[in-house]
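Colleague: Could you pick a single part of this structure and take a close look at it with me? I would like to see how that part fits into its surroundings, and then how the rest is put together.

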Amino acid sequence: MIVLIPAYQPDARLVELCGQLGAYRILVVDDGSGPAYQEVFAAAREAGAEVITLDHNRGKGFALKTGFAHIAARHPGQDVVCADSDGQHRAADIAAVASRVALTPAAMVLGVRRFTGRVPARSRFGNAVTRGLFRLVTGRSITDTQTGLRGYPAWVLRWLGSTPGDRFEYELRLLLRAVHEGLAIEEVEIATVYLEGNKSSHFRPFQDSVRIYRPLLGSIFAFAGSSLLAFTVDAALLALFVTLSGHLIAAAVAARLISATVNYTVNRRTVFGPVAPHRQAAPRYAALATASLAANVLLLHTLSLVLGSLPVAKLLTEVTLSALGFLVQRAFVFVRSAGPSPRPRPWVPLAAAPELHPAGSHERPSN
């Protein structure tokens with residue numbers, strides 16, 4: 001078991017944590033902190049850590065992937081627990097996650113906080129929003145989507161290295177990809193620790209929030225784009241078929257069948273991913289499309305009578321059914337049937353680890 005700690009401009013709490021993790025091999029990745037912090041990293045080496053140094057700041061995701069690549073190359077077969085360097089992960093909690101990784105077949109073990117006690121308002125709000133959006137988009141409830149205390153078995157290291165993202169969005173992308181591919185995720189409750197109001201955090205509220213929410217909201221935007229594409233195809237084909245045949249009903253049916261096929265294909269491949277085989281997803285989609293058409297007629301008629309405005313009724317009908325359509329497709333149409341937890345998709349070679357600076361480093365034997 002190796003404890004991997006990405007560190008950017010750390011203070012003495014990194015050294016203290018290394019000193020408390022004497023039972024584990026420790027790998028610290030200096031994310032380009034600069035000469036002013038070399039004394040801290042030298043002290044971390046003295047405390048038993050191996051330290052590798054990036055030539056400039058590349059972000060937490062890049063530092064983690066550098067560590068994964070180094071471990072896969074130099075210490076193959078070792079499980080990994082990632083922890084933050086700012087003292088907000090206790091040695092006891094790191095040990096609890098490490099113990100669970102050693103026992104479970106899951107691809108990922110999260111050390112999750114319950115956000116009790118004194119928690120900065122922006123942290124509490126940010127975690128609540130991200131947790132809610134994650135559940136909306138994936139249908140999966142994760143207690144703490146932003147935790148940095150995570151454990152991974154050795155067999156997922158290359159999968160971790162092939163996931164895009166170099167900064168704070170990387171860890172959220174890992175969760176999204178794990179859910180998308182049906183990988184098992186377990187949780188271990190840990191203490192909620194925010195030291196000095198989280199002043200040591202390098203999280204930039206605007207830039208990093210954009211990075212995090214972009215992949216999270218991507219599937220919603222993709223669903224809206226797919227619906228718009230299907231509407232455009234349907235309208236264009238309807239006009240074409242009516243012009244060619246002169247039969248409105250036949251033209252409408254043909255146009256709707258083609259546009260629905262386009263919508264099904266795009267949603268399965270791009271929005272929700274190829275999670276369910278066609279033999280399962282196609283009949284479900286057809287049933288949803290039939291029910292949606294009936295609901296559209298009924299709701300539009302009812303709202304028109306109540307509101308007295310056909311345009312307003314049409315808008316409310318489309319928005320309502322579109323939202324319901326997203327939820328039903330995510331939860332029912334394209335969801336994979338229950339079965340054994342799969343292994344990650346085919347591995348992509350890890351990027352070569354950057355030049356390391358092992359001089360003066362020394363390692364402890366792993367337990």
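**A close look at helix H7**

Modeller: Happy to! Let's begin at the end of the helix: just after H7, glycine 182 has a positive phi of about 75°. Please keep in mind throughout that this is a predicted model.

The helix itself covers residues 169–180. H7 has twelve residues, and the distance from its first C-alpha to its last is 16 Å, close to the 16 Å expected at 1.5 Å a residue. Is H7 enclosed or open? Nine of its twelve residues are buried, so H7 is largely enclosed by the rest of the structure. The buried residues are Glu169, Tyr170, Glu171, Leu172, Leu174, Leu175, Leu176, Arg177 and Ala178. The list mixes leucines with residues such as Glu169, Glu171 and Arg177.

What does H7 contribute to? The largest nonpolar core in the model has 34 residues, and H7 gives the most to this core, with six residues. As a general point, nonpolar side chains tend to be buried together in soluble globular proteins. Within this core, the residues with the most contacts are Leu4, Phe68, Met108, Tyr152 and Leu160. Other elements that give two or more residues include strand E1 (2–7), strand E2 (25–30), helix H3 (60–74), strand E5 (108–112) and helix H8 (205–245).

Tyr152 is a good way to see H7 from the core side. Setting aside neighbours within four places in sequence, tyrosine 152 touches Leu174, a buried residue of H7. The other contacts of tyrosine 152 are Phe68, Asp79, Val80, Cys82, Val101, Ala107, Met108 and Leu160. Apart from this core lies another, of 29 residues, among them Met1, Cys18, Ala83 and Ile94.

From the core we can move to the sheet. Seven strands form an open sheet in the order E3-E2-E1-E4-E6-E5-E7, with mixed pairing. At its edges are strand E3 (49–53) and strand E7 (185–189), each pairing on one side only. From one strand to the next, the twist averages 20°.

E1, one of the strands that feed the core, deserves a closer look. Six of the six residues of E1 are buried, so this strand is largely enclosed by the rest of the structure. In a regular strand the side chains alternate between the two faces of the sheet. Both faces of E1 are covered, with Ile2, Leu4 and Pro6 buried on one side and Val3, Ile5 and Ala7 buried on the other. E1 and E2 run parallel and are joined by six bridges. Within that pairing, isoleucine 2 has arginine 25 of E2 as its bridge partner, and valine 3 has isoleucine 26.

Isoleucine 26 then leads on to the edge of the sheet, standing opposite alanine 49 in E3. E2 and E3 also pair in the parallel sense, over five bridges. E3 is an edge strand, yet five of its five residues are buried: Ala49, Val51 and Thr53 on one side, and Glu50 and Ile52 on the other. Helix H2 (residues 38–46) lies across E1, E2 and E3, and runs at about 145° to E3.

After E1 comes a loop leading to helix H1 (12–20), and glutamine 9 lies in it. Like glycine 182 after H7, which has a positive phi, glutamine 9 has a positive phi, here about 50°, although it is not a glycine. Glutamine 9 is partly exposed, with a relative accessible area of 30%.

For a second helix to set beside H7, try H9 (residues 248–271), which has 24 residues and reaches 32 Å from first C-alpha to last, close to the 34 Å expected. Its buried residues are Ala251, Ala255, Ser259, Asn263, Tyr264, Asn267, Arg268 and Val271. An α-helix has 3.6 residues a turn, so residues three or four places apart point the same way.

Finally, the whole chain: there are eleven helices and seven strands, and 45% of the 367 residues count as buried. Among contacts with a separation of 6 or more, 75% come from residues 24 or more positions apart. The mean pLDDT is 84, with 87% of residues reaching 70 or more. Over residues 345–367, however, the pLDDT is below 50, and this stretch has 55 contacts in the model beyond near neighbours in sequence. Where pLDDT is low, the predicted coordinates should not be read in detail.

Key: Residues numbered from 1 in each chain as written. Predicted model: local features only at pLDDT ≥ 70, side-chain atom pairs only at ≥ 80, totals over all residues. Heavy atoms only, no water. Core = buried A, V, L, I, M, F, W, Y, C linked by side-chain atoms within 4.5 Å. Buried < 20%, exposed > 50% of the residue type's maximum accessible area, 1.4 Å probe, protein only. Helix = DSSP H or I, 4+ residues; strand = E, 2+ residues; numbered from the N terminus. Contact = heavy atoms within 4.5 Å. Expected span 1.5 Å × (residues − 1). Pairing = 2+ DSSP bridges. Axes fitted to C-alpha atoms, helices over the stretch in contact; angles between N-to-C directions. pLDDT = per-residue confidence, 0-100.
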